[in-house]
Amino acid sequence: MRQVLDSHLEDILERVDLEDILERVAGGDRVAFRELYRLAGPKLFGICRRMMRDREAAQDAFQDVMIRIWEKSPLFDRTKGEAMGWMSTLARNVVFNRLADRPAAVLSMSHEETAAVAESIAIRRDPGLASDLGSCLQELEHKYRRCVILVYHYGLSYEELAAHKGVPLGTIKTWIHRAIGQLQLCLSQ
């Protein structure tokens, strides 16, 4: 059902010239802004929802996105790209800023907490793995262990983790890659 709605929305967006509407918004046209909200809003809210993983926070972020579109619409240049691409980038930036501003999740890195997380992860795959995984997680450097737990237990994406930690995406990918390599080596012994 959702795929049908997304497909239908894409068809509507292809037939409508969002660039013209966005340029009218840049001129202060409130009717054009309502039309833009109606047409592009569902897709932009979807971006916020997927990234925020919390409906209420996504709604707040979406409202911020629409305000930013209203304020920054004069900066849109159709020669540099499509309106939906420009608005989607703006939406992602708003969400990344909000994720970076969130207080850090309280996450103890005590042996007991790590063991509980390892057990939770292992139960889904191999219950006998829990104690070994817990020990191997404890051997990881603190930042690697925290990243692995946030990604594999709490479900953060690499992008969310990079925004949360305030480091480049490539750094997060490297840390996770190293951590997984160290875990594989530890678990194979």
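Trainee: What pattern does the protein chain follow, read along the sequence?

Mentor: In this predicted model, the pattern is α-α-α-α-α-α-α-α-α-α. The secondary structure comes to ten helices and zero strands.

Trainee: How do you know that helix α3 is not straight?

Mentor: A straight helix of 23 residues would span 33 Å at 1.5 Å a residue, whereas α3, residues 30-52, spans only 28 Å between its end C-alpha atoms. The bend is about 55° at Ala40, and Pro42 follows within four residues.

Trainee: What makes Asp29 a cap for α3?

Mentor: A side-chain oxygen of Asp29 lies 3.0 Å from the backbone nitrogen of Val31, at the N-terminal end of α3. A polar contact needs N or O atoms within 3.5 Å, so the pair qualifies. Just after α3, Arg53 takes a positive phi of about 60°.

Trainee: Which residues have the most contacts inside the largest nonpolar core?

Mentor: They are Leu18, Leu36, Leu44, Val65, Ile69 and Met87, in a core of 32 residues. Helices α2 (18-26), α3, α4 (55-72) and α5 (83-101) each supply at least two residues of this core. Helix α3 gives the most, with eleven residues.

Trainee: What does Met87 touch, leaving out residues up to four places away in sequence?

Mentor: Met87 touches Leu18, Leu22, Leu36, Ala40, Leu44 and Ile69. Apart from the largest core lies another core, of 17 residues, among them Cys136, Tyr144, Leu150 and Leu183.

Trainee: Why is helix α8 called largely enclosed by the rest of the structure?

Mentor: Eight of the eleven residues of α8, residues 142-152, are buried, so the description follows from that count. The buried residues are Tyr144, Arg145, Arg146, Cys147, Val148, Ile149, Leu150 and Val151. For the protein chain, buried residues make up 37% of the 189 residues.

Trainee: Why is Glu160 called buried?

Mentor: Its relative accessible area is 6%. Buried means under 20%, so Glu160 meets the cut-off. Glu160 is in helix α9, residues 158-165. Not counting residues up to four places away in sequence, Glu160 touches Arg50, Met51, Met52, Arg53, Leu99 and Gly155. Glu160 and Leu99 are 61 residues apart in sequence and 6.9 Å apart in space, C-alpha to C-alpha.

Trainee: What does the side chain of Glu160 reach at 2.7 Å?

Mentor: That side chain reaches the backbone nitrogen of Ser157. The cut-off for a polar contact is 3.5 Å, so 2.7 Å falls within it.

Trainee: Why does Arg68 count as partly exposed?

Mentor: The relative accessibility of Arg68 is 27%. Partly exposed lies between the cut-offs of 20% and 50%, so the label applies. Arg68 is found in helix α4 and touches Ser73, Leu90 and Val94, not counting residues up to four places away in sequence. The C-alpha atoms of Arg68 and Leu90 are separated by 7.8 Å, though these residues are 22 apart along the chain.

Trainee: Why does Thr79 count as exposed?

Mentor: Thr79 has 68% relative accessibility. Exposed means over 50%, so Thr79 qualifies. Thr79 sits in the loop between α4 and α5, and a polar contact of 2.6 Å joins its side chain to that of Asp77.

Methods. Residues are numbered from 1 along each chain as its sequence is written. This is a predicted model: local features need pLDDT of at least 70, side-chain atom pairs count only at pLDDT 80 or more; totals for chains, interfaces and linings use all residues. Side-chain values use heavy atoms; hydrogens and water are left out. The expected span of a helix is 1.5 Å times one less than its number of residues. The bend at a residue is the angle between axes fitted to the seven residues ending there and the seven starting there. A polar contact is a pair of N or O atoms within 3.5 Å; within protein, one must be able to donate a hydrogen and the other to accept it, and residues adjacent in sequence count only if both atoms are side-chain atoms. Buried means under 20% relative accessible area, exposed over 50%, partly exposed in between (1.4 Å probe, protein chains only). A nonpolar core is a set of buried Ala, Val, Leu, Ile, Met, Phe, Trp, Tyr and Cys residues joined through side-chain atoms within 4.5 Å. Contact means heavy atoms within 4.5 Å.
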